[in-house]
Amino acid sequence: MATIIFKPTEKCNSNCIYCDVVTRKKPKTMSLDLLEHIFKNIDGYLKAMPQEHVQLIWHGGEPLLLGEDYFIKALEFQEKHCKETKHRVNHAIQSNLTLINENFLNIFRKLGINQVGTSFEPIPNLRGPGAKRDSATYNRQFLKGINMLEKNNFGWGFIYVVTKRSLKRPLDIFFFLSNLKLTGGFMLNPVLVYGEDKENIGLTQEEYADFLGAIFPYWWKHRDRYPQVNPFKMFVENIVEKKITTGCEDTGKCAYGHVYIGPSGEASQCGRAGDWEIISYGNINERSLLEIMQDEQREQFLKRNDILLNGECKGCPYWEFCHGGCPLDSFIKHKNFMHQTNRCEGKKLFLEKYFIPITGINSNRCVEKPLMSPFDEHCRA
Amino acid sequence: MRDHILVCQFDEDLVRKFHNQRLVIILSDFNQVQQAHKLVNDCQNNLHCLVIDHAGSLASVPFHEKWRGIPLALFVSEIGAFKEVMGKLPLLRDLNIRIFLSTDNKENCTGLHILASLGIDCGVSFGEKEIDWEAMNDLMTYSIYGKVNHASIEPFQFIARNYNPARLTDLSSVYFDNPYTYIHIDKNENIALTANDLKEGKFILKGIENVHKIFEDEKYQEALNAWQKFLLKENGCAYCQAWRICIGKFSESADKNPGCRQFFTDLMEAADHFISVQQKNKRKEVWQP
Amino acid sequence: MANILLTQQCVRSCPYCFAKKHMADSEPDDILTWDNLIYIADLMEHSGEMGVSLLGGEPTLHPNFVDFVIYLLERKFHVNVFTSGIMGEKMFSEAERVLSGINPDRLSFVCNVNNPDKSPFSELENVRRFLKTFGHLTTPGFNIYKPDFNFDFIFQYINEFGMRRHIRLGLAHPIPGKHNSYVPIDKMKQMAEKLIAYLPVMERLKIKGGFDCGFPLCIFSEEQIGRLFKHNSGRLSFGCGPAIDIGPDMSVWGCFPLSNTHKKSIYEFDSMNDIRNYYRDIHHKVRIEVAGIFDACDDCIYREEQLCMGGCLAHSYNHFINEANIRFKEIYQ
């Protein structure tokens, strides 16, 4: 599956504290001509790769600012240019939901979208429009958006961005988030700061681990009540069920799987790489999607696994959890991709300080020296 | 789309206007019990429950043999003379009745404990005064964890039976006051979403013939989502792990009397326990000849 | 059958009282609450024990005494009340109105009567009033606390008030560490002689006598045992097992004379059986060191076969206290 992080617009109606897309550069929006060109390219790629699927993740900025007609056009272009391949195109969308309406949902259904990814922040004035970040207005609209999704039987899940402001009351925030979505269905991600931390929201790895650690004992005890809370569930699945359920940054498999396409057609490895202009695969106006997906620069991400496994990550029992972490984080610190990241440290801290002592479950997913897992038959014997 | 159960004061003219309607009738007098029951049936309606709010004690209620089979919710101030109640116990056990005692009287938690242990279904009526959450917790613990057979105590049983971690559980249903199931109507056919709205004249519609239109009404949808207001606050009930089963019902007193948090947290644990016991005791279904 | 203390106050001050220590150590205002009564009733029902004894102090001093009795009857318990028969006007008239007509198979009283010659007039009047109304439900009880005693007056009571024709004979026991009146070990045979001397008159009046706990078998001669056997239609008991007492504060202990040791909270147990086993185990440990009240108990075949328990365990506890307090603490606390 090729995943296209598709940013047809960088415009956003919110000024979230942890996002610098709006403020860093003048937001652009993709022309309809370019949109059509992209669907032609998707068709070309899928014809060249008959076993392959494409997942097109509508991202932004806020993609709903494009308006309903833009999505109708996208649907038309898909019908027109991907006649034989459209069944291999899956759409997904990330939206702040503040602009959602029934028309959008009707179009989404036609695009095969039945769930929406979003994010939420209960702490006031971190998300919202305007310089003051009017979170009250934002949140009211957000809740209306949720009501509309639920009324129309759309699923939804969300990301909570953990910042320095979250550290005072982790459990309260967890309770709030699980009240917002009763079964869970959310992900607790650390804030990513590239460059100067002007708002003083960045976290140390220890702070993130302790934030998760403050919640984890409660979650573990009541995990049947909150089945879908990540990264906890992912950790459990990873260790106990041996599933590879980590996020994209930890799979070690993003090399040939991801691509970012920005509003001017610029291509990069992924959304972050594109936003922060870390790596460029040229422009889809000049190169085909197939060429971009096979760009030789990608090979370095594959090689990275070998380099880390035989170097910095050698013997690490947690390799399967993080694969050295996101190459971009390595780049931020070392100006190249071939190092492990300091997020490894955060994960390790969480596992050793909280996960393993609380659950009593050990990871045996190591490379050289497996730890015993109580779930393994050979361990029991 | 399901029909609502209508809640109204006993008014013969009003009841005669309903047809094929599930009704909760609020009575002002014990003498109306049989009369209201007969009228509802004669008009081919379905009696969900008769509600009587009696200012006196349980001991002073003139229970009648002819009340058998009539669904009754009786709100009384206290148990009263125990020996009098014991004398009425055989009849009480035979009636389709739930006795509610108010938290305004501190002895009533014990009263409910006694009634339930004697096999009389009963319930807590949350009053105006400060609630003793510890006593409430003891009562709930008895209600859910008690090893010996006893009658149900609401709203604990309601929460335990209906609790589903994937959705909110609204104990207002026990008091016929959840707009998802019940709506309130007065003799002038003004329709309101809660008993309080009706009392305060906050009507949503008028006319029995319009009851079915309630689903289209924006205010109705807003009322169903009224719980979301807690999610817009910086602090308070939405930050409590047990909010999903109390939905902020005690938010106004929670600052002064925060025991509700522990109580509902324990109740949620009890509901988890109740579900696990039910699942454990689920009998295997074998084919039937 | 467990004993539930409704109150910790008594209207009398009997010299032999083995609840003395417990009463002295308790808050007199402590009375059993409704919620605790229900808890105990549930625990007993859950344990399959549907008989309960109410006592105190004086149980009828509890303001809800009558309500408690009818509650327990409604819960299908057999209720036995240990009372002095002395109660206030209001309580008596309430009890008379509500309880006097209860089926004797459901409700019974044990009235421990003292010698009228040595009782104040007002107390006697109260007891007589009680027996007049409740005599048909009442078994007279007599506590022997000295080798020379007299319970002739009980025959009069039985005949006058139609009491049950059975005398519950109790033997006062020492409270370890306290001074109460009880029959010293070396006077027990003398007490047994006196008791046997009552058999002809009891047989003539068709009154049976039953032993409460703590009578040792060997204080009676072979011939006396034979007479007792016939008198009681073969039902003889020389037992001493943990009688479970439950205080108003929900503490439990294994019978009154031992109430100052190994007191636990009822909430620590899941059933009455658990409580009984807990105290049985403790008693067993004590008896390993001190088998019974006599030295001969160590090798006694009847004790080994549990025909006799070797007298009241309180005597064994006394052994430890007199000999070595420290050892007692180390081993048994």
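Begin by selecting Arg169(A) and Tyr239(B) in this predicted model, where the charged end of Arg169(A) sits over the ring of Tyr239(B), 4.4 Å from its centre. Keep Tyr239(B) selected and add Phe120(A), Trp156(A) and Tyr218(A), which are among the residues that form one aromatic cluster with Tyr239(B). For another charge over a ring, go to chain C and select Lys263(C), whose charged end lies over the ring of Trp253(C), 4.9 Å from the centre of that ring.

Next, turn to the aromatic pairs, of which there are 72 over all chains. Select Phe126(B) and Trp133(B), whose ring centres are 6.3 Å apart and whose planes stand at 35 degrees, so this pair is tilted; Trp133(B) is buried, with a relative accessible area of 4%. Then select Phe176(B) and Tyr182(B), where the centres are 5.5 Å apart and the planes stand at 85 degrees, so the pair is edge-to-face, and both Phe176(B) and Tyr182(B) are buried.

Staying in chain B, select Asn178(B), which is found in the loop between helix 6 (156–162) and strand 8 (182–185). Asn178(B) counts as buried because its relative accessibility is 10%, under the 20% cut-off. Its side chain makes a polar contact (3.1 Å) with the side chain of Ser173(B).

Finally, select helix 5 (residues 121–134) of chain C, which has 14 residues and reaches 20 Å from its first C-alpha to its last, close to the 20 Å expected at 1.5 Å a residue. Its buried residues include Leu124(C), Val127(C), Phe130(C) and Leu131(C), and what covers the buried residues of this helix includes strand 3 (78–83) and helix 4 (89–99) of chain C.

Note on methods. Residues numbered from 1 in each chain as written. Chains lettered and ligands numbered in written order. Predicted model: local features only at pLDDT ≥ 70, side-chain atom pairs only at ≥ 80, totals over all residues. Heavy atoms only, no water. Helix = DSSP H or I, 4+ residues; strand = E, 2+ residues; numbered from the N terminus. Buried < 20%, exposed > 50% of the residue type's maximum accessible area, 1.4 Å probe, protein only. Polar contact = N/O pair within 3.5 Å; in protein donor to acceptor, adjacent residues only side chain to side chain. Expected span 1.5 Å × (residues − 1). Contact = heavy atoms within 4.5 Å. Phe/Tyr/Trp six-rings, centres within 6.5 Å; stacked < 30°, edge-to-face > 60°. Lys NZ or Arg CZ within 6 Å of the ring centre and 35° of its normal.
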